Amino acid sequence: HGAEERELFLVSALGVISGMLPNYTGNYFGSNVGTNLYCFVVGAYGTGKGALKWARQLGEITHLNRLDEAKEEEARHKRDKVQYNMQLALYNKGKLAEPPTEPAQPRHLKLFIPANTTKTAVMQLLEENDGNGIIFETEGDTLADMLRQDYGNFSDVLRKAFHHEPISFFRRSNNEDVDVPRPALSVILSGTYDQLLKLIPSIDNGLYSRFCFYILEGNDTFRNPFDKDDFNHGHYLAQSAEEFKQLYLALSYREDDMKFFLNERQQQRFVSHFAHLKEWTQSTISEEMDGSVNRMAVMCYRIAMILSILRYYRLH
């Protein structure tokens, strides 16, 4: 496979893994930051975006594991509900002094949050999954439809979630305001340039600086659909997906956050690199690009966090 396909896999794999590292934080300007990245792959219709499919595979076993947990919660809820109804009947007959407590609704546990839904549903799924989730959407049209429904709201959610700022929504079923105190959302999208413009109409839009972009040139030659490499990829990625599930579970069970630090030398190199990049951008492109350089630095820090924990986990 060509270098472009490998690059595409790397970008989208970083995006997926960035949403699979709960309870792992770094310190950036005095705030705890997670690893979450926003990635957008831009390419014409029909250009080889197959590597995106392989990247999604890395989270598939964890996603299925979450769905199994949700089924167990639902079965437990049904049993508790039967018990509750029996006690309620006794209470209504005066045979119990205190009214029973109604069991909480089972949660919809997932890793991948579907994009073909409403903003409220996305926020509700985030809330039910402790603020964590990955939106992975390779069909630009699905995304375009979602934006058409309620662009302002969705854009606002993405802008806040990038910095783990609290988001709140109104849940109609219970007539209550619900807060997601610390959203940790990762986003991997692909679409055409036109679809990108629907999401991010201009560089002044706050979303532009929060995304890393990969421009897919595409390949004119017809690829062999019976290439044995594809079978090998499937086998290798199934193994990797199992490893990522183990890492996800190990971090999930932690009582306190695992911490990431740069040493003194790394901090100095980081600061001098982005100071130089900021000066160059101001003088060469535009002074209005400051926000982009600042957020590029956040993304770089998050990628360092991801690569460090993967190396640490492999060595231990």
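**Figure 1. Phenylalanine 29, a loop residue with a positive phi.** In this predicted model, phenylalanine 29 counts as exposed, because its relative accessibility is 81% and the cut-off for exposed is over 50%. The place to look for phenylalanine 29 is the loop between strand 1 and strand 2 (31–33). Its backbone also deserves a glance: phenylalanine 29 has a positive phi of about 55 degrees although it is not a glycine. Most residues other than glycine have a negative phi.

**Figure 2. Asparagine 23, another loop residue with a positive phi.** Follow the chain to the loop between helix 1 and strand 1 (24–28), where asparagine 23 lies. Asparagine 23 is not a glycine, yet its phi is positive, at about 55 degrees. Is asparagine 23 buried, partly exposed or exposed? With 29% relative accessibility, asparagine 23 counts as partly exposed, because that class covers the values between the 20% limit for buried and the 50% limit for exposed.

**Figure 3. The open sheet and its four strands.** Before zooming in, it helps to know that the protein has 9 helices and 9 strands. Here, 4 strands form an open sheet with parallel pairing, in the order 4-7-3-8. Why do strand 4 (132–137) and strand 8 (212–215) each have one side without a neighbour in the sheet? They stand at the edges and each has a single partner strand, so one side of each is left free of a neighbour in the sheet. From one strand to the next, the twist averages 10 degrees.

**Figure 4. How the strands of the sheet are paired.** Start with strand 4 and strand 7 (residues 184–191), which pair in the parallel sense over 6 bridges. One pair to find is asparagine 132 with its bridge partner in strand 7, alanine 184. Strand 7 also pairs with strand 3, again in the parallel sense, over 5 bridges. There, cysteine 39 stands opposite isoleucine 188 of strand 7. Finally, strand 3 and strand 8 run parallel and are joined by 4 bridges. Valine 42 has isoleucine 215 in strand 8 as its bridge partner.

**Figure 5. Strand 3, with buried residues pointing both ways.** How many of the residues of strand 3 (residues 38–42) are buried? The count is 5 of 5, so strand 3 is mostly covered, with buried meaning under 20% relative accessible area. In a regular strand the side chains alternate between the two faces of the sheet. You can trace this along strand 3: Tyr38, Phe40 and Val42 point one way, while Cys39 and Val41 point the other way. For comparison with the whole chain, 42% of the 316 residues of the protein count as buried.

**Figure 6. Helix 1 and its buried residues.** Helix 1 (residues 3–18) has 16 residues. From its first C-alpha to its last, helix 1 reaches 22 Å, close to the 22 Å expected at 1.5 Å a residue. Among the buried residues of helix 1 are Glu5, Leu8 and Ser12, and also the run from Ala13 and Leu14 through Gly15, Val16 and Ile17 to Ser18.

**Figure 7. Where helix 1 meets helix 9.** Two packed helices are described by the angle between their axes and the distance between the axes. The axes of helix 1 and helix 9 (residues 290–315) come within 11 Å and cross at roughly 80 degrees. Helix 1 and helix 9 are therefore roughly perpendicular to each other, because angles of 65 to 115 degrees count as roughly perpendicular. Helix 1 brings Leu14, Ile17 and Ser18 to the contact, and helix 9 brings Ile303, Ile306, Leu307 and Leu310. Sorted by class, the contact of helix 1 with helix 9 has 6 nonpolar residues, 1 polar residue and no charged residues.

**Figure 8. Glutamate 128 and lysine 71, one buried and one exposed.** Glutamate 128 is found in helix 4 (residues 119–128). At 9% relative accessibility, glutamate 128 counts as buried. Which residues does glutamate 128 touch, not counting those up to four places away in sequence? They are Pro106, Arg107, His108, Leu109 and Arg171. Lysine 71 belongs to helix 3 (residues 60–92), and its relative accessible area of 57% makes it exposed. Lysine 71 and arginine 107 are 36 residues apart in sequence, and their C-alpha atoms are 9.3 Å apart in space.

Notes:
Residues are numbered from 1 along each chain as its sequence is written. This is a predicted model: local features need pLDDT of at least 70, side-chain atom pairs count only at pLDDT 80 or more; totals for chains, interfaces and linings use all residues. Side-chain values use heavy atoms; hydrogens and water are left out. Two strands pair if DSSP finds at least two bridges between them. Helices (H or I, at least four residues) and strands (E, at least two) are DSSP runs, numbered from the N terminus. Axes are lines fitted to C-alpha atoms, for helices over the stretch in contact, and angles run from 0 to 180 degrees between N-to-C directions. The expected span of a helix is 1.5 Å times one less than its number of residues. Buried means under 20% relative accessible area, exposed over 50%, partly exposed in between (1.4 Å probe, protein chains only). Angles under 35 degrees count as roughly parallel, over 145 as roughly antiparallel, 65 to 115 as roughly perpendicular and the rest as oblique. Contact means heavy atoms within 4.5 Å. Ala, Val, Leu, Ile, Met, Phe, Trp, Tyr, Cys and Pro count as nonpolar, Asp, Glu, Lys and Arg as charged, and the others, Gly among them, as polar.
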